[in-house]
Amino acid sequence: MTAAAQDGPVQPVTRMVWRLTELPRPAGPHPRLAGMRVLLIGGEQDVAAGVERVLKEHGALVRREPDGPGPVDAIVDLTVGRPYGPDPAASAGAWRRALTETVTALRGAYDDWAAETAADRLFYLAVSYLGGGMGRHPRDGLEQPLGGIWAGLAKTLHREFPNVGARVVDIDLAASAELPGIVAAELGRTGEIEVGYRDGRRFTLTPEARPVAAPALTLGPEDTVLISGGGRGIGWELARSLAARHGARVVVTGREPFPSGDEPWFGADEAGWKRYEKDVWAGRAKGESPALIRGRLARTRRLWELARHMTGARREGLRVEYARCDVTDRAQVRELIRRVTGPAGGRLAGVVHNAGVDTAARLPKKTDEEILRTVEVKIEGFLNVFEEVRDRDLKFFCSVGSLTGRLGGMVGQLEYAAANDGLARLGQWAARRAAFPVMTLAWPTWDRIGLIANFAAALRYMAAIDVADGLERWRAELLGASEGEVTFVGPLGRAIDPGQAVGYPVVPALPGFAAAYPKIFHLGEVTAYQPHAHLAARVVFDPERTPALGDFRIDGAPALPPSLLLENALRAAEWLVPEDFPELRADRLEEIVVPLSLLRLDGPAIRLVREARGFHEGHDWIVEVRYRRQGAGDGAEASLRIVHQTGGPRPPAPPRPAVRQTTTLRSGPPFLHWRGAVVPVSGWTPGDRPVAEVPRCPPADLWATPLVPGTALPVGALENVVRRRTTQGDGLSATADPLVIGRIAVHSAECGPTRVEGDPSLGVWRITDARSGDPVATVSGFSGPLGNTTE
């Protein structure tokens, strides 16, 4: 694969598996339980009664009727509690009834929950029974594998309800007696979306990069591979690859009969198909709705693609066959296996369960039947095929999953994510019951191929995978006899939201970590969120995590360097983007007002409330950020605007009121003092144009944390400009309070030592890369040493 552009739609992926890591157990029920209005659904009667009793003991107001009076603050979903049994029909009925009950409850709460902007009121907690280790515990206990359906659903709820705190609690069925206490301890908490309880310990899942194993098996002309739903999309690409590279016989399936050669579009190329489409629209009957035409054309195009693929394979001499089969029908699957493995069929070497459907729409626009059908194709299709081949000597059984199951889906993919996470958990269950390796491969979006209808929208969530690279990886997994869930993760897109960010462990091995982690690090505890418009959070700076608090002082007291507050504001702005998610670049910070009292450490930590609001101003996207002290304070408030360029002609900026400034003159001991132990303190050359060479301030010096965020601003250079403009040459200071900076233009990220050159006559300070001379930032409109502001 050729190297991809850093911001291109196709990016390299990292192969990752998810392992169990231990978490501390909560000390007890969350105080939020008192007065919380809880809807309790699903589960076995005795377990549900125990959960209801314990929640009520801690002050929750519990009801069991979805259509009861008034809104609810939380849904506790006990899902399918009975062990998976030998009767497939009964098990299918159980998950259908339980999922329908879940959907009914979510529909009942939809209007209230979708409109909520407070981030600490609404909660959804689902229970799965996968052994307490989310299906990954090495010992037995995975009695009910269908709980993965609700895990995928919970991880995608934030797309329907941005301020719902979702959590999936996994237990061993044998430990159901402990469930009431566990639910009381977990309900109302934020953080990890998936937690499990086993043997008194609490776990979550953490990603880990791991290479594929060396080839352990071979495929050849004597082997047959069955691919459900393989007549189109990425399933077809795999089928063609296996037939061409290994000479294997490949049987692909679909629900439709193979089209007749008499169809007017049969054998047409892409241009011929376009002409057929045009003719259909031209011959549209009077009164026939466009939606009906589009639906009919979509079905016909699927058949056209199937016919084109199969006839092309025959011309190339590839051993690819098509068989009609609805994998949700057990009888059809049984007959398919009989035909595939008949006297002339050869050995059935492997199965790839690739069939899937997706209806991309928000919950209110979907019927129960559409939701159940999406899950059914993945789940029932898997069970039907697996039960028919589980006693055979296969080389592999591979399910085609999606990162929507592992990380949550896009807008409109609630049940699609549920189906894919359910598929991955089923694979773990099946692996314990088969002699052959069972794997689930969770893919990102493929480059312009597959079920994704809106490729550009999909890129907002994660970069796509190159088709050729993905097929090579796929073949490597099959030949390496991989087992369990394997994920292929690309760089996260701009559509990540706060709930998703705090719900998953973030590790350096994740692609795009350097870009995504800083804004997660600086997020704080979110208290309110409205996508594309508003983000409120509590932010804490404490000496243990912020060494610079001892390096900078105000009146002798530890304080936060101003540049770190600006860095936090810039990272907060990254969470607010316009609805169409354009590429944004922070062009400048302006109208910066920072009361010095806000920076000073009073008590064990600096606790601030940060409000960020985003809006359009002409062709610019503006995020206004404000800070105030948490709790009682002096009323001081810091504020600034962050201007992002979005392209297009730039109209004149509207006039804005001048920033008011109160001047406080001091003398004696230094008012502002930098020790230089963390943030470098550089000397200035004398003269009309002072110059300083500033070493880079490494992020690892700024933050004493296990994972360190990079910086977007030249922290060291900015602090030296502040120091120069607020400190007299004799070591005394006479500075304005609040600190006011008219503008900081951001040209590029700091990547090494910088050179700072001042032009006092213009009130401008230019920061450049000391090695290349490239511009890094420009500071202007700074409050001077006597409180005057030069614009």
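Visitor: In which hand of crossing does α9 pass α11?

Guide: A crossing is called right-handed if the near helix is turned clockwise from the far one by less than a right angle, and left-handed if anticlockwise; here α9 passes α11 in a right-handed crossing. This is a predicted model, in which local features need pLDDT of at least 70 and side-chain atom pairs count only at pLDDT 80 or more, while totals for chains, interfaces and linings use all residues. Residues are numbered from 1 along each chain as its sequence is written, and side-chain values use heavy atoms, with hydrogens and water left out.

Visitor: At what angle do helix α9 and helix α11 pack?

Guide: The angle between α9 (residues 368–389) and α11 (residues 414–431) is about 15°, with the axes 8 Å apart, and the two are therefore roughly parallel (angles under 35 degrees). Among the residues in contact (heavy atoms within 4.5 Å) are Phe382 and Phe386 in α9 and Trp429 in α11.

Visitor: How is a pair of aromatic rings described?

Guide: By the distance of the centres and the angle of the planes. Rings pair if their centres lie within 6.5 Å, and planes under 30 degrees apart count as stacked, over 60 as edge-to-face and the rest as tilted. Of the 22 aromatic pairs in the whole structure, one is the tilted pair of Phe258 and Tyr322, at 5.9 Å centre to centre and 50° between the planes.

Visitor: Is Phe258 buried or exposed?

Guide: Phe258 is partly exposed, with a relative accessible area of 30% (buried means under 20%, exposed over 50%, partly exposed in between, with a 1.4 Å probe and protein chains only).

Technical notes:
Axes fitted to C-alpha atoms, helices over the stretch in contact; angles between N-to-C directions. Helix = DSSP H or I, 4+ residues; strand = E, 2+ residues; numbered from the N terminus. Parallel < 35°, antiparallel > 145°, perpendicular 65-115°, else oblique. Phe/Tyr/Trp six-rings, centres within 6.5 Å; stacked < 30°, edge-to-face > 60°.
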